[in-house]
Amino acid sequence: MAWRGQLSRNLKELRINFCQTSPASSHARAFVERNYKDLKTLNPKFPILIRECSGVEPQLWARYDMGVERSIRLEGMTETQISRAIEELVKVGAALKASFI
């Protein structure tokens, strides 16, 4: 999973929003618990923001250069699907970066 080390190259910020207790957010919580440390180790200065709020819909936000943002709803997604979603956001960032050059 080479994309994990490229977060800081292709994105400016990654935000994960979820509820601390709702079943809809269970996979997002599990993804953060199992993957945050690895992602942070590979991207030590990259901002990975975890936002917990009661009753909120689980979402993933990626911020790119020039203020461009993309979001993905995480409800109903498994941890593997969440990982693939982040990988796709990294690819979008690489494509955006190439188009700005």
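Me: How many of the contacts in the chain with a separation of 6 or more come from residues 24 or more positions apart?
Reply: In this predicted model, such residues account for 71% of those contacts. A contact here requires heavy atoms within 4.5 Å.

Me: What makes up the chain, and which pattern does the chain follow along the sequence?
Reply: There are three helices and four strands. Read along the sequence, they come in the pattern α-β-α-β-β-β-α.

Me: Why is the chain called as compact as a globular protein of its length?
Reply: The radius of gyration is 13 Å. The globule rule gives 13 Å for 101 residues, and the value for the chain is close to that, so the chain is as compact as a globular protein of that length. Along the principal axes, the C-alpha atoms fill a box of roughly 45 × 25 × 20 Å.

Me: How much of the chain counts as buried, and how much of the accessible surface belongs to carbon and sulfur atoms?
Reply: Of the 101 residues, 39% count as buried. The accessible surface comes to about 5,900 Å², and carbon and sulfur atoms hold 52% of that surface.

Me: Why is asparagine 35 called buried?
Reply: Buried means under 20% relative accessible area. Asparagine 35 has 11%, so this residue is buried. Asparagine 35 sits in helix α2, and beyond residues up to four places away in sequence it touches Arg4 and Glu79.

Me: What makes proline 23 exposed?
Reply: The cut-off for exposed is over 50%. Proline 23 has a relative accessible area of 72%, and therefore counts as exposed. Proline 23 lies in the loop between β1 (13-18) and α2 (26-42). The C-alpha atom of proline 23 is 9.5 Å from that of glycine 76, although the two residues are 53 residues apart along the chain.

Me: Why is glycine 5 called partly exposed?
Reply: Partly exposed lies between the cut-offs of under 20% for buried and over 50% for exposed. The relative accessibility of glycine 5 is 29%, so glycine 5 is partly exposed. Glycine 5 belongs to the segment before α1 (7-10). Residues up to four places away aside, glycine 5 touches Leu42 and Asn43. The C-alpha atoms of glycine 5 and lysine 45 are separated by 12 Å, with their positions 40 residues apart along the chain.

Me: What is the sign of phi in methionine 66, and is this residue buried or exposed?
Reply: Phi of methionine 66 is near 60 degrees, a positive value in a residue other than glycine. Most residues other than glycine have a negative phi. Methionine 66 is found in the loop between β3 (59-63) and β4 (69-73). Its relative accessible area is 70%, which is over 50%, so methionine 66 is exposed.

Me: Which residues have the most contacts inside the largest nonpolar core, and which elements give two or more residues to this core?
Reply: The core has 23 residues, and those with the most contacts inside it are Leu7, Leu11, Ile16, Leu60, Leu74, Ile82 and Ile86. The elements giving two or more residues are β1, α2, β3 and α3 (79-100). The largest share, six residues, comes from α3.

Me: What does leucine 7 contact outside its neighbours within four places in sequence?
Reply: Leucine 7 is in contact with Leu39, Asn43, Phe46, Ile48, Ile86 and Val90.

Me: How many side chains are positive and how many negative, and how far apart are the centres of the two sets?
Reply: The chain has 16 positive and 11 negative side chains, with the centres of the two sets 6 Å apart.

Notes: Residues are numbered from 1 along each chain as its sequence is written. This is a predicted model: local features need pLDDT of at least 70, side-chain atom pairs count only at pLDDT 80 or more; totals for chains, interfaces and linings use all residues. Side-chain values use heavy atoms; hydrogens and water are left out. The radius of gyration is taken over C-alpha atoms; the globule rule is 2.2 Å times the number of residues to the power 0.38. Buried means under 20% relative accessible area, exposed over 50%, partly exposed in between (1.4 Å probe, protein chains only). Accessible areas come from the Shrake-Rupley method with a 1.4 Å probe; for residues, only the protein chains shown count as cover. Lys and Arg count as positive and Asp and Glu as negative; His and the chain ends are not counted. The place of a charge is taken as NZ of Lys, CZ of Arg, CG of Asp or CD of Glu. A nonpolar core is a set of buried Ala, Val, Leu, Ile, Met, Phe, Trp, Tyr and Cys residues joined through side-chain atoms within 4.5 Å.
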